[in-house]
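Here's a quick briefing to read with the structure open in your viewer. Take a look at the fold before moving on to the details.

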Amino acid sequence: QVQLIESGGRLVQDGGSLRLSCAASGGTFRIYAMGWFRQAPGKEREFVGAISWSGGNTYYSDSVEGRFIISRDNAKNTVYLQMNSLKPEDTAVYYCAADRFGGGRSRLARDDEYDSWGQGTQVTVSS
């Protein structure tokens, strides 16, 4: 099973940008589809986006579509979440997750499909 460590979270102003990284180890990273989820205080964990093992397909939630971009570098065993035009409602702990089987958006948007999770990184957007 792959181990995941997120980084890059911090305090940022409304309208700012931030890039999160998720480094993988202990597994064959290039075969995993990767997802990003977030959880705000008092709310359930929600899907942010996902990327196929090759990077050829990406999927996003409606709330981040057009603002966030997921990419991956399989040579570096890392997946990224570029977040632009950040809003206070984007404040949450962001988690990356790995899925051995991949699939389309409907499957990758489900957190129970993922095999491994990182510990999360806090993103706070101030108004």
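What follows is a short tour, from the whole chain down to single strands and loops.

Keep in mind that this is a predicted model. The protein chain is mostly a story of strands: it has 11 of them, plus 1 helix. Along the sequence the order reads β-β-β-β-β-β-β-β-β-α-β-β. The radius of gyration is 13 Å, close to the 14 Å that the globule rule gives for 127 residues, so the chain is as compact as a globular protein of that length.

**Overall build**

- The C-alpha trace spans about 40 × 25 × 25 Å along its principal axes.
- Of the 127 residues in the chain, 46% are buried.
- If you take the contacts with a separation of 6 or more, 59% of them link residues that sit 24 or more positions apart.
- About 6300 Å² of the protein chain is exposed, and carbon and sulfur atoms supply 45% of that area.
- On the charge side, there are 14 positive and 14 negative charges, and their mean positions lie 5 Å apart.

**Strand E5 and its neighbours**

- How many of the 6 residues of strand E5 (residues 46-51) are buried? The count is 5, so E5 is largely enclosed by the rest of the structure.
- Strand E4 (residues 33-39) runs antiparallel to E5, and 5 bridges join the two. To find the register, look for methionine 34, which stands opposite isoleucine 51 in E5.
- E4 and E5 make a hairpin with 6 residues between them. In that turn, glycine 42 has a positive phi of about 75°.
- E5 also pairs with strand E6 (residues 58-60), again in the antiparallel sense, over 3 bridges. Here glycine 49 stands opposite tyrosine 60 in E6.
- E5 and E6 form a hairpin too, with 6 residues between the strands. Its turn holds glycine 55, whose phi is positive at about 85°.

**Strand E11, close to the end of the numbering**

- In a regular strand, side chains alternate between the two faces of the sheet.
- Which residues of strand E11 (residues 121-126) are on its covered face? They are Thr121, Val123 and Val125, while Gln122, Thr124 and Ser126 make up the uncovered face.
- Strand E2 (residues 11-13) runs parallel to E11 and is joined to it by 3 bridges. Glutamine 13 has serine 126 in E11 as its bridge partner.
- Strand E9 (residues 92-99) is joined to E11 by 3 bridges as well, but this pair runs antiparallel. Alanine 92 has valine 123 in E11 as its bridge partner, and Val123 belongs to the covered face of E11.

**Two loop residues with positive phi**

- Asparagine 77 has a phi near 55°, a positive value in a residue other than glycine. You'll find asparagine 77 in the loop between strand E7 (68-73) and strand E8 (78-83).
- Is asparagine 77 buried or partly exposed? At 27% relative accessibility, asparagine 77 counts as partly exposed, since buried would mean under 20%.
- Serine 85 has a positive phi too, near 50°, and again this is a residue other than glycine. Serine 85 lies in the loop between E8 and E9.
- With a relative accessible area of 41%, serine 85 is partly exposed.

Note on methods. Residues numbered from 1 in each chain as written. Predicted model: local features only at pLDDT ≥ 70, side-chain atom pairs only at ≥ 80, totals over all residues. Heavy atoms only, no water. Helix = DSSP H or I, 4+ residues; strand = E, 2+ residues; numbered from the N terminus. Rg over C-alpha atoms; globule rule 2.2 N^0.38 Å. Buried < 20%, exposed > 50% of the residue type's maximum accessible area, 1.4 Å probe, protein only. Contact = heavy atoms within 4.5 Å. Areas by Shrake-Rupley, 256 points an atom, 1.4 Å probe, with all protein chains shown as cover. Lys, Arg positive; Asp, Glu negative; His and termini not counted. Charge placed at Lys NZ, Arg CZ, Asp CG, Glu CD. Pairing = 2+ DSSP bridges.
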